[in-house]
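Q: I should like to learn how to read the features of a model of this kind. May we take them one at a time?

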Amino acid sequence: MLTAYDATFAAVADAAGVECILVGDSLGMVCQGLSSTVGVSLETMRHHTECVANGLRRSQATAWLIGDLPFGSYHESKEQALRSAVVLMQAGAHMVKLEGGGWTTETVRFLVERGIPVCAHLGLTPQTVHALGGYRVQGKTDESAAVLRREASALQDAGASMLVLEMVPAALSGELTQQLTRCPTIGIGAGNGTSGQVLVLHDMLGMNLGKMPKFVHNFMEDAHSVRGAMEAYVHAVKDGSFPVNATHAW
Ligand code: KIV
């Protein structure tokens, strides 16, 4: 999985073999220049989801398209979440992603029962960065690891189709991946024991304007083109050479 925010990058990612394209609310940082994802609106997400969907349609791409529900668009009620999810699905998403465990479980169930596939997201949830006290590894203590185990199971039982695990210790995300038999895990800064990986497009192309997260690899370094970098990423994820656990085993 890789993020993309416009038609051309999405089509190139598909041609490079990326199986899932996430229109992440990370676009707030990499496209809009915001300092966090908190300020991203549903209308912005709708617009970029539509751009990506157009690009995939025009190039007859086969990648699965996930639209990220932004901060505040699913927090009030299940009904609000449904209305927001409908906006992204009608813009061309095949699935929506939302952050958090516990309180989101019933929302996930509500959306899934209504025919909307959902990708859940646990660990570091950037929309709640202010409550978490920064972009920190999650699940390091026995107590917080137990919460993650419980929440991951509940999300699977609620019908989540995928689970993003962000900045979770490699051993724990590997364990969660074994625990969830019906819900593939997608790691980011979570070691290589997950079912798949995701990176932010600009990070893996070495275009990060801020501090490069430790777990990111710049795939442009040894590539001659963006497509070549994406192909190298797909290859490295599939053959298990990225990520390397030792460098970011938290
Ligand atoms: O918004 C995003 O790009 C994400 C990924 C980092 C998982 O949520």
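Q: Which atom of the ligand does the polar side-chain atom of Asp25 approach, and at what distance?

A: A polar contact is read from the distance between N or O atoms, with a cut-off of 3.5 Å. In this predicted model, a polar side-chain atom of Asp25 lies 3.0 Å from an oxygen atom of the ligand. Lys97 also places a polar side-chain atom 3.0 Å from a ligand oxygen, and for Asp68 the corresponding distance is 3.2 Å.

Q: How much of the ligand does the protein bury?

A: Burial is read against the area of the ligand taken alone. That area is 260 Å², of which the protein buries 96%. The space that the ligand takes is the largest pocket.

Q: Which residues surround the ligand, and how do they divide by character?

A: A shell is read first by its members and then by their classes. Here the members are Thr3, Leu22, Gly24, Asp25, Ser26, Asp68, Lys97, His121, Val164, Ile188, Val198 and Val200. The shell comprises five nonpolar, four polar and three charged residues.

Q: In what order do the strands form the sheet, and is the pairing parallel or antiparallel?

A: A sheet is read by strand order and by the sense of pairing. Eight strands form an open sheet in the order 1-2-3-4-5-6-7-8, with parallel pairing. Strand 1 (2–3) and strand 8 (196–197) are at the edges, and each has a single partner strand, so one side of each lacks a neighbour in the sheet.

Q: Over how many bridges do strand 4 and strand 5 pair?

A: Strand 4 (residues 95–99) pairs with strand 5 (residues 118–123) over four bridges, in the parallel sense. Lys97 stands opposite Cys119 of strand 5.

Q: Where does Gln60 lie, and what is its phi?

A: A backbone angle is read together with its place in the chain. Gln60 lies in the loop between helix 3 (42–58) and strand 3 (64–68). Its phi is near 50°, a positive value in a residue other than glycine.

Q: Is the peptide bond from Phe242 to Pro243 cis or trans?

A: The omega angle is the one to consult. The bond from Phe242 to Pro243 is cis, with omega near -5°. Pro243 is placed in the segment after helix 10 (226–238).

Definitions and conventions:
Residues numbered from 1 in each chain as written. Predicted model: local features only at pLDDT ≥ 70, side-chain atom pairs only at ≥ 80, totals over all residues. Heavy atoms only, no water. Near = heavy atom within 4 Å. Polar contact = N/O pair within 3.5 Å; in protein donor to acceptor, adjacent residues only side chain to side chain. Areas by Shrake-Rupley, 256 points an atom, 1.4 Å probe, with all protein chains shown as cover. 1 Å grid on protein atoms, 1.4 Å probe; cavity = no way out; pocket = protein on both sides within 12 Å on 5 of 7 lines; lining within 4 Å. Sits in = over half its atoms within 2 Å of the grid points. Nonpolar A, V, L, I, M, F, W, Y, C, P; charged D, E, K, R; others polar. Pairing = 2+ DSSP bridges. Helix = DSSP H or I, 4+ residues; strand = E, 2+ residues; numbered from the N terminus.
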